[in-house]
Amino acid sequence: MIRLYLRRSESDGQEYSLTTQRAGAIRWIAGSAFAGDQIVDYIDDGLAGDDFTRPALRKLIAEAQAGDVIVCRDQSRVGRDAV
């Protein structure tokens, strides 16, 4: 299973829109060995990257299982420089 994490903060421009992030991830997945796997989205919209109590991030962590693949646009979507 692929767990796709998307986050947009209020200060993000169009380059980090949820639509742009998801489209890029889907393109990457389609060209990878994971193409065809089930995808589950986890979305935190309008939340800061330094807040690790984000509901979707916490749900992703709770639901992730061995063998799952977690995909996000880049490290900053998970937690900026804190990761």
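Tutor: Helices here are DSSP runs of H or I with at least four residues, strands are DSSP runs of E with at least two, and both are numbered from the N terminus. In those terms, and in a model that is predicted, the place of Ala48 is in the loop between S2 and H2.

Student: Is Ala48 buried, partly exposed or exposed?

Tutor: The class follows from the relative accessible area, since buried means under 20%, exposed means over 50%, and the interval between them is partly exposed. Ala48 has a relative accessibility of 32%, and it therefore counts as partly exposed.

Student: How far apart are the C-alpha atoms of Ala48 and Arg8?

Tutor: Arg8 itself stands opposite Asp45 in S2. Ala48 and Arg8 are 40 residues apart along the chain, while their C-alpha atoms are separated by 7.9 Å.

Student: What is the order of the strands in the open sheet?

Tutor: S1 pairs with S2 in the parallel sense over seven bridges, and four bridges join S1 to S3, again with the two strands running parallel. Strand S2 (39-45) and S3 stand at the edges, each having a single partner strand, so one side of each is left without a neighbour in the sheet. The twist averages 20° from one strand to the next. The open sheet of three strands, with parallel pairing, thus has the order S2-S1-S3.

Student: Which residue of S3 stands opposite Leu4?

Tutor: On the S2 side, the bridge partner of Leu4 is Asp41. Towards S3, the bridge partner of Ile2 is Val69, and the residue that stands opposite Leu4 is Val71.

Student: How many of the seven residues of S1 are buried?

Tutor: Two helices are in contact with this strand: H1 lies across S1, S2 and S3, and helix H2 (residues 55-63) packs on the sheet, touching S1, S2 and S3. S1 is mostly covered, and of its seven residues the number that are buried is six.

Student: At about what angle does H1 run to S1?

Tutor: The angle is taken between N-to-C directions on a scale from 0 to 180 degrees. For H2, the direction makes about 150° with that of S2. For H1, which lies across S1, S2 and S3, the angle to S1 is about 155°.

Student: Which residues make up the covered face of S3?

Tutor: Strand S3 (69-72) is among the elements that give two or more residues to the largest nonpolar core. Its uncovered face is made of Ile70 and Cys72, whereas its covered face is made of Val69 and Val71.

Student: How many residues make up the largest nonpolar core?

Tutor: Its members are Ile2, Leu4, Leu6, Leu18, Ala25, Ile29, Val69 and Val71. Strand S1 (2-8), helix H1 (18-30) and strand S3 (69-72) are the elements that give two or more residues to this core. Apart from it lies another core, of five residues, among them Tyr5, Tyr42, Ala56 and Leu60. The largest core, by its list of members, has residues numbering eight.

Student: What is the relative accessible area of Ala25?

Tutor: The place of Ala25 is in helix H1, and Ala25 touches Leu4 and Val71, not counting residues up to four places away in sequence. A residue is called buried if its relative accessible area is under 20%. Ala25 is buried, and its relative accessible area is 7%.

Student: Is the aromatic pair formed by Trp28 and Phe34 stacked, edge-to-face or tilted?

Tutor: The structure holds one aromatic pair. Trp28 and Phe34 form it, at 6.2 Å centre to centre and with 35° between the planes. Planes under 30 degrees apart count as stacked and those over 60 as edge-to-face, so an angle in the remaining range counts as tilted. The arrangement of Trp28 and Phe34 is accordingly tilted.

Student: What relative accessible area does Phe34 have?

Tutor: Its ring partner Trp28 is partly exposed, with a relative accessible area of 47%. Phe34 is also partly exposed, and its relative accessible area is 28%.

Student: Over the ring of which residue does the charged end of Arg54 sit?

Tutor: For a charge to sit over a ring, CZ of Arg has to be within 6 Å of the ring centre and within 35 degrees of the ring normal. The charged end of Arg54 is 5.4 Å from the centre of such a ring, and that ring belongs to Phe52.

Definitions and conventions
Residues numbered from 1 in each chain as written. Predicted model: local features only at pLDDT ≥ 70, side-chain atom pairs only at ≥ 80, totals over all residues. Heavy atoms only, no water. Phe/Tyr/Trp six-rings, centres within 6.5 Å; stacked < 30°, edge-to-face > 60°. Buried < 20%, exposed > 50% of the residue type's maximum accessible area, 1.4 Å probe, protein only. Core = buried A, V, L, I, M, F, W, Y, C linked by side-chain atoms within 4.5 Å. Pairing = 2+ DSSP bridges. Contact = heavy atoms within 4.5 Å.
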